[in-house]
Amino acid sequence: MGIYSEDTATYLWRNGALVPWEEATVHVNAVGHASVAGIFEGLKAYWNADDGQLYLFRMREHYRRFLQSIKMTRFAFDYTLEDLEEATRALMKANAFRRDVYVRPYIFQAGMVRELLQSQPGKPVELVIDSWPFEAYRDPSQALHVCTSSWTRIADNVMPPRLKCFSNYHNGRLAAMEATVSGYDWPVLLDAQGKVTEGPGACLALVRDGAVITPPGTASILESITRDTVGYLVREVLGLPYVERPVDRTELYLADELFFMGTGWEIMPVASVDRLMVGDGAPGSVTDAIREAYAALVRGHDLRRPEWRAAVW
Ligand code: PMP
């Protein structure tokens with residue numbers, strides 16, 4: 001196994017076939033290895049023991065976003081939404097997962113690194129769908145201590161955050177490393193005007209006077225599918241106001257509750273911002289209610305929105 005973790009999948013899916021995980025190598029000179037324009041997605045499948053079923057949560061929306069990103073990066077790509085969904089189901093079956101799984105589809109330009117110098121549209125790509133067992137990043141009772149980052153969030157006219165491109169993640173990585181070395185758990189990035197955007201890998205919402213407030217889709221954020229799910233849960237399940245509007249940095253300091261939301265982070269409460277406590281520092285009741293409603297929905301314990309759970313078996 002060498003450099004590889006013991007806890008890997010048996011197969012990944014690559015360019016039309018299932019390939020043993022250890023054989024799915026990329027030459028170090030392949031352009032994808034150092035590519036600027038690779039596109040990826042991240043979705044989760046949840047195991048429901050009662051149903052004996054694995055549910056891919058909002059797979060269609062994730063692949064729709066994937067295709068949108070590929071369109072904007074002008075690659076040649078022949079797979080349809082249905083092809084991608086079918087390939088993902090086949091991969092889940094081949095790996096025989098009976099537990100929660102993270103699925104990571106991605107494309108990168110085919111060929112060697114010197115071809116990167118030719119940035120014409122319509123270049124062929126390799127498509128990979130990887131997956132691995134995944135529970136949670138962190139125990140949600142351990143609310144995060146966050147800082148506002150000194151790094152500015154990338155913007156639509158620079159590196160569009162709406163486009164889920166590998167290179168974009170260097171921005172969040174810089175902010176995350178700065179937060180870590182400064183003794184915080186995670187950063188919040190502001191835009192060039194000082195408005196709140198998101199965290200690396202997750203969107204952000206605050207609760208103030210009983211309303212859930214989050215920056216709009218034009219606030220240099222990824223169009224998060226979890227954020228959309230949270231909007232549904234807040235309005236339809238909890239019956240609370242859900243507002244998308246620009247958010248100032250100081251509103252983070254005055255929020256009653258604050259939480260990150262994303263496929264990987266799920267619903268993760270925030271305890272403090274720049275060492276100012278959010279509420280009493282413990283996860284708030286609205287955040288807890290959203291987190292529980294989300295957990296029930298993704299796993300199919302809450303039967304609403306069945307179209308959001310694609311059964312594998
Ligand atoms: N923002 C960024 C930068 C992300 O990488 C992610 C994770 N995909 C999110 C937000 C949350 O998006 P989603 O809810 O679709 O996972």
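**Two domains and the interface between them**

In the protein chain that I am showing today, the domain assignment gives domain 1 (11-133) and domain 2 (144-299), with bounds that come from an automatic or database domain assignment. Please keep in mind that this is a predicted model, in which local features need pLDDT of at least 70 and side-chain atom pairs count only at pLDDT 80 or more, while totals for chains, interfaces and linings use all residues. Residues are numbered from 1 along each chain as its sequence is written, and side-chain values use heavy atoms, with hydrogens and water left out.

Let me begin with the whole chain, which has 6 helices and 17 strands, where helices (H or I, at least four residues) and strands (E, at least two) are DSSP runs numbered from the N terminus. Its radius of gyration, taken over C-alpha atoms, is 20 Å, close to the 20 Å that the globule rule gives for 313 residues, so the chain is as compact as a globular protein of that length; the rule itself is 2.2 Å times the number of residues to the power 0.38.

Now to the two domains, whose centres, taken over C-alpha atoms, are separated by 26 Å. Where they meet, 27 residues of domain 1 are in contact (heavy atoms within 4.5 Å) with 19 residues of domain 2. The area buried between them, meaning the accessible area (1.4 Å probe) that the two parts lose on being put together, summed over both, is about 2000 Å², and carbon and sulfur atoms give 59% of that. On the side of domain 1, Phe 40, Tyr 46 and Arg 65 lose the most area to domain 2, together 31% of what that side buries.

What about charged pairs? Across this interface the rule finds 3 salt bridges, each being a side-chain nitrogen of Lys or Arg within 4 Å of a carboxyl oxygen of Asp or Glu. Elsewhere in my notes I have the pair Arg 58 and Asp 228, whose side chains meet in a salt bridge at 2.8 Å, N to O.

Finally, a search of the whole structure finds 21 salt bridges, and one of them joins Arg 60 to Glu 82, with the closest N and O atoms 3.6 Å apart. This pair links distant parts of the chain, with Arg 60 in helix H1 and Glu 82 in helix H2 (residues 81-95), 22 residues apart.
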